[in-house]
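Biologist: Could you walk me through this model with a few questions and answers? I am new to this, so please explain the terms as we go.

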Amino acid sequence: DSMETLRENYPAPAFYSAMNFLGTHDTPRILTLLGGEPTPESKTERAQARLTPTGYDLARRRLMLGALLLYAFPGSPTVFAGDEAGQQGYEDPLNRRTYPWGQEDTMLLAWFRRLGQLRKERTSLQQGDITYPYARGSGLAVQRRAGNQVTLAAMNAGAEPLDLTLPWLGYGCHDRPAVLSPGRRGTSDAAGVRWGAADIVLVSADAKSAMLYTSLGMFHVKHP
């Protein structure tokens, strides 16, 4: 509802060019916030604080989910330099540390680079219409469509696996429905995908092909 409120209150040119971001220099680093750990009381303690390994793993998964939505949503996805590399820090100036050269989080970097590449390549992510095939509880599916190109971003932010079957969204793209999941390929009346807790799936469906992108790799299905 909140996302639709944005569309209702902005003219289309503004909505599709809005500056969207997860973190800025005016707030603690998004990774630090997403870890959900107690904030130290003194500034000295906050300056030295780093997420525990468990907190960092949770924060990274949440950030990847948020980044997927950021790049799938209409507007201009904007990243505070260092967020894509795993930068941590509380309030200004603790959130303005120099870029962690040589200590970047390679998983995060690869994810942001892939999202940027997809955004650059796919017209549907740049200017396509937006609908929400699924929005319930911890699950959200965002569809972008421009002409005969469809991109679907699906997310499970919950702590439990989510089983979700979506109607095939590629009608008009001249391809048959595809069952897309790691290790399973074929055709069906619906595209069925299983998400683990806080896992991420991005489905991109062009005519004659379909792709499933996850944080673990890419699965490509071509129809004869």
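Biologist: Which residue stands opposite Ala 135 in β4?

Modeller: This is a predicted model, where local features need pLDDT of at least 70, side-chain atom pairs count only at pLDDT 80 or more, and totals for chains, interfaces and linings use all residues. Residues are numbered from 1 along each chain as its sequence is written, and side-chain values use heavy atoms, leaving out hydrogens and water. Strands here are DSSP runs of E with at least two residues, helices are runs of H or I with at least four, and both are numbered from the N terminus. The partner of Ala 135 in β4 is Leu 140.

Biologist: How many bridges join β3 to β4?

Modeller: Two strands pair if DSSP finds at least two bridges between them. Strand β3 (residues 129-136) and strand β4 (residues 139-146) run antiparallel, and the bridges joining them number six.

Biologist: Are α5 and α6 roughly parallel or roughly antiparallel to each other?

Modeller: Axes are lines fitted to C-alpha atoms, for helices over the stretch in contact (heavy atoms within 4.5 Å), and angles run from 0 to 180 degrees between N-to-C directions. The axes of α5 (residues 53-72) and α6 (residues 106-121) come within 10 Å and cross at roughly 5 degrees. Angles under 35 degrees count as roughly parallel, over 145 as roughly antiparallel, 65 to 115 as roughly perpendicular and the rest as oblique. The two helices, α5 and α6, are therefore roughly parallel.

Biologist: What is the mean pLDDT of the protein chain?

Modeller: pLDDT is the predictor's confidence in each residue, from 0 to 100. It stays under 50 over residues 170-191, while 72% of the chain's residues reach 70 or more. The mean for the protein chain is 76.
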